[in-house]
Amino acid sequence: MRLLGRDEWGADPALPRRGHQIGASYRTEVIIHHTATVDGKGAPNEWGTLEAVKLRMRRLQTARPDLGLDVPYNMVAFCMRDGDLVVCEGRGLNRTGAHTRDRNRTALGIAFYGDFEAGPAPRYFDRQLRALASWLRTLRNELGFARLGYSRPADRQVWGHREIRSARTLCPGEALQDRLLQIRFIDEEDDTAMDRSTWKLVQKALQSQEPPLYAGKRIDGLPGGNTNIAVRAFERRVGLESRGVIGERNNPNASIWPATRELLFSTAAGVLGS
Ligand SMILES: [Zn+2]
């Protein structure tokens with residue numbers, strides 16, 4: 001995978017970078033787009049040269065004046081004919097975007113350049129999606145985007161734009177939507193872990209049990225083996241399916257932990273209130 005900064009693709013310096021600065025730790029989800037509307041139907045999905053890529057990026061700066069004169073996405077990915085993936089800096093990783101209503105603060109909006117509804121999947125698409133995933137993994141594990149993926153669909157780690165409630169769009173197109181499962185950047189162990197606020201609530205509920213023990217050991221409140229066992233047991237006791245999904249497995253709009261949290265609030269309120 002190759003990254004191209006704004007200087008490298010030749011962003012017009014007369015058009016300032018839009019959006020507001022935002023810290024990496026506020027980013028909780030990845031939303032995948034395609035750029036279809038920019039060139040209309042039938043835009044190609046594979047690119048031969050870096051020059052072609054740079055030209056498209058410069059056009060993107062002014063393509064949607066209604067969204068402000070800048071690339072509306074955080075990053076834009078180009079599937080190259082030789083199998084490489086080129087990822088260009090749009091607003092950048094640390095700026096708010098203009099790609100998805102209500103999610104421009106919390107989401108990293110990443111667009112694939114092309115039309116993946118009308119056009120075919122690129123020849124090396126799977127490899128290119130995995131390259132993107134491995135870059136996201138680095139962001140999450142090493143570059144401060146530690147909460148990336150806290151908000152996600154039940155069976156995947158990234159959202160397609162069309163799955164966002166406020167969106168009325170085919171974006172990111174069928175060929176891309178069908179393959180979003182391949183963009184996996186959260187390690188298995190993390191993948192089954194709760195987000196922090198849910199976890200704290202469960203922990204509180206567990207600690208208020210009499211006696212505040214599980215398997216004969218104190219629940220110490222540290223994220224670790226014993227607390228995790230207790231949490232799993234709690235999930236079984238209140239009838240949660242694995243990973244906290246409550247009968248919503250097939251609903252792409254249902255995030256996992258928010259559903260768990262809702263249940264836990266009522267359960268914990270009962271436990272703590274008594
Ligand atoms: Zn979109």
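In which loop is Asp84 found? In this predicted model, Asp84 lies in the loop that runs between strand 3 (75–79) and strand 4. Asp84 is classed as partly exposed, because 16 other C-beta atoms lie within 10 Å, a count that falls between the limits of 12 or fewer for exposed and 20 or more for buried residues. Although Asp84 and Tyr124 are 40 residues apart in sequence, their C-alpha atoms are separated by 8.2 Å in space.

The protein chain comprises eight helices and eight strands. Of its 274 residues, 36% count as buried. Among the contacts in the protein chain with a separation of 6 or more, 73% are made by residues 24 or more positions apart. The mean pLDDT of the protein chain is 80, with 66% of the residues reaching 70 or more. Over residues 242–259, the pLDDT is below 50; in the model, this stretch has 30 contacts beyond near neighbours in sequence.

In soluble globular proteins, nonpolar side chains tend to be buried together. The largest nonpolar core of the present model has 44 residues. Within this core, the residues with the most contacts are Val30, Ile32, Val76, Ala77, Cys88 and Ile110. At least two core residues are supplied by each of strand 2 (29–34), strand 3, strand 4 and strand 5, and likewise by each of helix 2 (50–63), helix 3 (125–142) and helix 4. When residues up to four places away in sequence are not counted, Ala77 touches Leu85, Val87, Ile110, Ala111, Phe112, Tyr113 and Leu132. Ile110 thus appears both among the contacts of Ala77 and among the core residues with the most contacts.

Two features of the backbone concern loop residues. Most residues other than glycine have a negative phi, and most peptide bonds are trans. Asp102, which is not a glycine, nevertheless has a positive phi of about 70 degrees. The position of Asp102 is in the loop between strand 4 (85–89) and strand 5 (107–112). Asp102 is exposed, because 11 other C-beta atoms lie within 10 Å, and the limit for this class is 12 or fewer. The second feature is a cis peptide bond between Cys171 and Pro172, for which omega is about 10 degrees. Pro172 is placed in the loop between strand 6 (159–160) and helix 4 (174–177); helix 4 is also one of the elements that supply at least two residues of the largest nonpolar core.

Technical notes
Residues are numbered from 1 along each chain as its sequence is written. Helices (H or I, at least four residues) and strands (E, at least two) are DSSP runs, numbered from the N terminus. Two residues are in contact if their C-beta atoms, placed from the backbone, lie within 7 Å. A nonpolar core is a set of buried Ala, Val, Leu, Ile, Met, Phe, Trp, Tyr and Cys residues joined through C-beta atoms within 7 Å. pLDDT is the predictor's confidence in each residue, from 0 to 100.
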